[in-house]
Amino acid sequence: MASVKVCVRLRPLNRREKASTSNHIPVVTTNTSQSSVTIVKGLGAKSVQHNYSVDQVFGSFSEQEEVFTNAVLPVVTQVLQGYESTVFAYGQTGTGKTYTMEGDVTSEQHMGVIPRSCLEIFSKLAKQDKYVASKVSCSYLEIYNEEIVDLLGNGGKKKQKKGRICIHVTG
């Protein structure tokens with residue numbers, strides 16, 4: 001039913017970047033109407049642009065609600081129809097993955113896609129008479145430096161079980 005969809009969210013400049021006295025030249029720009037991202041490497045005549053078309057683009061002023069409604073809610077709907085699904089964030093450190101995924105659960109405006117998904121799933125299950133019993137399971141994993149960490153495990157992050165990612169190529 002579903003296929004892999006690629007959505008890109010560009011975060012705004014952070015306080016440190018805004019306070020910097022150097023002139024920031026944007027190296028990544030988005031075109032939301034054409035669902036494209038442009039990356040510029042180098043300066044002046046030596047600059048090279050790379051354009052990428054994706055399924056959906058969220059600019060630096062996009063809100064958490066917008067990202068959830070347009071990128072994740074369709075996945076949640078498919079989950080409630082019985083399909084297994086995955087939503088993951090990929091990118092360098094400091095690019096806004098944690099904010100997009102978790103956000104601030106105490107703020108409706110800043111709540112990320114994970115708490116919004118949970119609220120949506122349990123809200124829909126509570127309204128359905130046809131569900132006599134429901135079992136909901138999920139995983140929340142972090143992969144960093146080829147180590148996988150179960151973020152829903154007991155204890156603090158450093159105490160949680162870690163596994164190694166191994167790739168075996170034959171041929």
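How much space lies in the second largest pocket? Here are some friendly notes on that and a few other features; please keep in mind that this is a predicted model.

1. **The pocket and its volume.** The second largest pocket holds about 1900 Å³ of space. Its lining is made up of 49 residues. If you want a place to centre your view, V87, M101, S139, Y140 and L141 are the lining residues that lie nearest the centre of this pocket.

2. **Which elements line the pocket.** Two or more lining residues come from each of α2 (64-80), α3 (97-101), α4 (113-127), β6 (141-144) and β7 (147-150). Helix α4 gives the largest share of the lining, with seven residues.

3. **Chemical character of the lining.** Sorted by class, the lining of the second largest pocket has 28 nonpolar residues, along with twelve polar and nine charged ones.

4. **The overall fold.** Stepping back to the whole protein chain, the secondary structure comes to four helices and eight strands. Their order along the sequence is β-α-β-β-β-β-α-α-α-β-β-β. Among contacts between residues at least 6 apart in sequence, 35% join residues at least 24 apart.

5. **Burial and surface.** The protein chain has 171 residues, and 18% of them count as buried. Its accessible surface comes to about 13500 Å². Carbon and sulfur atoms account for 54% of that surface.

6. **Q64 in helix α2.** What is the state of Q64, buried or exposed? This residue is found in helix α2, and with a relative accessible area of 1% it counts as buried, because the cut-off for that class is under 20%. Leaving aside neighbours within four places in sequence, Q64 is in contact with R9, Y99, T100, G103, Q109, H110, M111, G112 and R116. One of these partners, Y99, is 35 residues away from Q64 in sequence, while the C-alpha atoms of Q64 and Y99 are 8.8 Å apart in space.

7. **S35 and S36, side by side in the numbering.** S35 sits in the loop between β2 (28-31) and β3 (36-41), whereas S36 belongs to strand β3. S35 is buried, at 16% relative accessible area, and S36 is buried too, at 12%.

8. **What the two serines touch.** Again setting aside neighbours within four places in sequence, the contacts of S35 are Y52, S53, V54, D55, Q56 and V57. For S36, the contacts outside that window are T29, T30, N31, Y52, S53 and V57. Y52, S53 and V57 are thus among the contacts of S35 and also among those of S36.

9. **Cysteines.** How many disulfides are there? The count comes to zero. Take C138 as a case: the closest cysteine sulfur to its own is in C118, 5.8 Å away, so the pair is too far apart for a bond. A pair would need to lie within 2.5 Å to count. As for their surroundings, C138 is exposed, with a relative accessible area of 58%, and C7 is partly exposed, at 35%.

Conventions: Residues numbered from 1 in each chain as written. Predicted model: local features only at pLDDT ≥ 70, side-chain atom pairs only at ≥ 80, totals over all residues. Heavy atoms only, no water. 1 Å grid on protein atoms, 1.4 Å probe; cavity = no way out; pocket = protein on both sides within 12 Å on 5 of 7 lines; lining within 4 Å. Points joined across faces, edges and corners; volume = space filled by probe spheres on them. Nonpolar A, V, L, I, M, F, W, Y, C, P; charged D, E, K, R; others polar. Buried < 20%, exposed > 50% of the residue type's maximum accessible area, 1.4 Å probe, protein only. Contact = heavy atoms within 4.5 Å. Areas by Shrake-Rupley, 256 points an atom, 1.4 Å probe, with all protein chains shown as cover.
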